[in-house]
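User: I'd like a close look at one part of this protein, then a walk outwards from there to whatever it sits against. Keep it informal, please.

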Amino acid sequence: MTNISFPRVKTLIIISCIILGMGFGIFSMIPTPHQANSPISLMPKNPTVINNGKILYENYCAACHGKKLEGQPNWRQRDEDGYLPAPPHNKDGHTWHHPDAYLFAMTKYGIEAMIGRTYPNNMPAYVEKLSDEDIIAILSYIKSTWPENIQFQHDQINAQVSTQ
């Protein structure tokens, strides 16, 4: 078991809340075709989208996030250069804690564009590499792998954000 002091945990929680809060505000200012016409909505029940998303995930994401969405070891601890390893996208990670639009913007534009400053991370922005439909397919595939109760909780997060 890792021994982490309470002040460090408190600091990590505060930083996470700040980043998440900034992300909610900033991702809504990043223009995407979907934001102009309709909200981002994943399709974890659509077999065609999921199959396409799985292939794209394997080609663009699995090298860091794992073939089985398991992430890298010690993903919650920064390495010697200050970078966090790639988190899991399965039920054990925090991906499902974020609404669809946030996940879409993070994937398309990257964390630095969302928070408006440099931030130590290895996650590339895919704005020039993947279409909006490709990003939605990847995220839909990821969501399709979560247990029903996690998908339900994620749907509730989306519903809560859409009423704000």
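Which residue follows α5, and what is the sign of its phi? Take that as the starting point and tell me about the helix and its surroundings.

Analyst: Right, one thing up front: this is a predicted model. The residue right after α5 is G110, and its phi is positive, near 90°.

Now the helix itself. Nine of the ten residues of α5 are buried, so the rest of the structure largely encloses this helix. The buried set reads D100, Y102, L103, F104, A105, M106, T107, K108 and Y109. Notice that D100, T107 and K108 are in that list along with residues such as L103 and F104.

D100 is a good place to step across to another helix. The side chain of N158 reaches the backbone nitrogen of D100 at 2.7 Å. N158 belongs to helix α8, which covers residues 148-162. N158 has a relative accessibility of 18%, which is why it counts as buried: the cut-off is under 20%. Setting aside neighbours within four places in sequence, N158 is in contact with P99, D100 and K143.

Back to α5 and what it feeds into. The largest nonpolar core has 31 residues, and Y57, I138, L139 and I142 have the most contacts inside it. Elements giving two or more residues to this core are α3, α5, α6 (111-115) and α7 (132-144). The top contributor is α7, with seven residues. As a general point, nonpolar side chains in soluble globular proteins tend to be buried together.

Next, how α3 and α7 sit against each other. They pack at an angle of about 100°, with their axes 7 Å apart. That angle makes α3 roughly perpendicular to α7. On the α3 side the contact involves V49, I50, N52, G53, K54, L56 and Y57, and these meet D134, A137, I138, S140, Y141, I142 and S144 in α7.

Y57 deserves its own stop. Leaving out residues up to four places away in sequence, Y57 touches A62, H65, G66, K67, L69, H89, I138, Y141 and I142. One of those partners, L69, leads into the loop between α4 (62-65) and α5 (100-109). L69 is buried, because its relative accessible area is just 4%. Its phi is near 65°, a positive value in a residue other than glycine. N74 lies in that loop between α4 and α5 as well, and its phi, near 55°, is likewise positive in a residue other than glycine. For burial, though, N74 goes the other way: it is exposed, with a relative accessible area of 55%.

Zooming out, the protein chain has eight helices and zero strands. Buried residues make up 40% of its 164 residues. Among contacts with a separation of 6 or more, 61% are between residues 24 or more positions apart.

Finally, confidence. The chain averages a pLDDT of 83, and 76% of the residues score at least 70. Helix α3 (residues 47-60) has the highest confidence, at 98, and helix α2 (residues 33-37) the lowest, at a mean of 39. Over residues 22-38, pLDDT stays under 50, and the model has 32 contacts beyond four places in sequence for that stretch.

Definitions and conventions: Residues are numbered from 1 along each chain as its sequence is written. This is a predicted model: local features need pLDDT of at least 70, side-chain atom pairs count only at pLDDT 80 or more; totals for chains, interfaces and linings use all residues. Side-chain values use heavy atoms; hydrogens and water are left out. Helices (H or I, at least four residues) and strands (E, at least two) are DSSP runs, numbered from the N terminus. Buried means under 20% relative accessible area, exposed over 50%, partly exposed in between (1.4 Å probe, protein chains only). A polar contact is a pair of N or O atoms within 3.5 Å; within protein, one must be able to donate a hydrogen and the other to accept it, and residues adjacent in sequence count only if both atoms are side-chain atoms. Contact means heavy atoms within 4.5 Å. pLDDT is the predictor's confidence in each residue, from 0 to 100. A nonpolar core is a set of buried Ala, Val, Leu, Ile, Met, Phe, Trp, Tyr and Cys residues joined through side-chain atoms within 4.5 Å. Axes are lines fitted to C-alpha atoms, for helices over the stretch in contact, and angles run from 0 to 180 degrees between N-to-C directions. Angles under 35 degrees count as roughly parallel, over 145 as roughly antiparallel, 65 to 115 as roughly perpendicular and the rest as oblique.
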